[in-house]
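Q: Please examine one part of this model closely, and set that part in the context of the whole chain.

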Amino acid sequence: MRRLENVVKKLLHSLIDACPQQGFIPLEEYVFQEAVKAYLADLSCLDAEDMGALLSATSFLGMLQRVTGGCFLQFSRLTLFWLAEIERVLGVLREGLAQALDSRTVSLALRE
């Protein structure tokens, strides 16, 4: 499980590094990007079970829609593409963590 958590952390940090802060962007967009990067950094600190529970509760873009009232849709295409990539990767992580945790639960149950 530790190895899976390390891979997840690397993926999340690669998403942080992919943040499109090139050239001039409006202050609101910069602040938003920084908040998303902080969220991803916080997410990378969770263990697999907590991360799986959080990711299964809601989609990333759904959470952004609720939190911002959809104002993030006004940002640049680069930021929107970055957000879409985050949604895609978190969806893959959600599925992968669910499978890993299910197989771990099954193996623990078989041991008992």
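The part of interest is the salt bridge that glutamate 34 forms with lysine 37. Where do glutamate 34 and lysine 37 lie, and is each of them buried or exposed?

A: In this predicted model, glutamate 34 and lysine 37 are joined by a salt bridge whose closest N and O atoms are 3.0 Å apart. Side chains of opposite charge can pair when their charged atoms come close. Both residues belong to helix 2, where they stand three residues apart, about one turn of the helix.

The two partners fall into separate accessibility classes. Glutamate 34 has a relative accessibility of 28% and therefore counts as partly exposed. Lysine 37 has a relative accessibility of 17%, and because buried means under 20%, lysine 37 counts as buried.

Helix 2 covers residues 27-44, and confidence in the protein chain is highest there, at a mean pLDDT of 94. Helix 2 also holds valine 31, which at 48% relative accessible area is partly exposed. Together with Leu27 and Tyr30, Val31 forms a nonpolar patch on the surface, and the accessible area of the three residues is about 310 Å² together.

The interior is described by the largest nonpolar core, which has 25 residues; Leu12, Val36, Leu40, Phe60, Leu83, Ile86 and Leu90 are the members that touch the most others. Each of the five helices named here supplies at least two residues of this core: helix 1 (2-17), helix 2, helix 3 (48-57), helix 4 (60-68) and helix 5. Helix 5 gives the largest share, eight residues. Leucine 40, one of the core residues just named, touches Leu12, Leu15, Ile16, Trp82 and Ile86 when residues up to four places away in sequence are not counted.

A search of the whole structure finds two salt bridges, and the pair in helix 2 can be set beside the other. Glutamate 85 and arginine 88 meet through their side chains at 2.7 Å, N to O. Glutamate 85 and arginine 88 both lie in helix 5, and they too are three residues apart, about one turn of the helix. Here both partners are partly exposed: glutamate 85 has a relative accessible area of 32%, and arginine 88 has a relative accessibility of 48%.

As for the chain as a whole, the protein has five helices and zero strands, in the order α-α-α-α-α along the sequence. The C-alpha trace spans about 60 × 25 × 20 Å along its principal axes. Of the 112 residues, 35% count as buried. The accessible surface comes to about 7000 Å², and carbon and sulfur atoms account for 59% of that area. Among contacts between residues at least 6 apart in sequence, 71% join residues at least 24 apart.

Confidence should be kept in view when these details are read. The chain averages a pLDDT of 86, and 91% of the residues score at least 70. Confidence is lowest in helix 5 (residues 77-111), at a mean of 80. Over residues 106-110 the pLDDT stays under 50, and the model has zero contacts for these residues beyond four places in sequence.

In short, the salt bridge in question links glutamate 34 to lysine 37 within helix 2, with the glutamate partly exposed and the lysine buried.

Terms used: Residues numbered from 1 in each chain as written. Heavy atoms only, no water. pLDDT = per-residue confidence, 0-100. Helix = DSSP H or I, 4+ residues; strand = E, 2+ residues; numbered from the N terminus. Contact = heavy atoms within 4.5 Å. Salt bridge = Lys/Arg side-chain N within 4 Å of Asp/Glu carboxyl O. Buried < 20%, exposed > 50% of the residue type's maximum accessible area, 1.4 Å probe, protein only. Patch = residues over 30% accessible without salt bridge, like charges linked within 9 Å, V, L, I, M, F, W, Y side chains within 5 Å. Areas by Shrake-Rupley, 256 points an atom, 1.4 Å probe, with all protein chains shown as cover. Core = buried A, V, L, I, M, F, W, Y, C linked by side-chain atoms within 4.5 Å.
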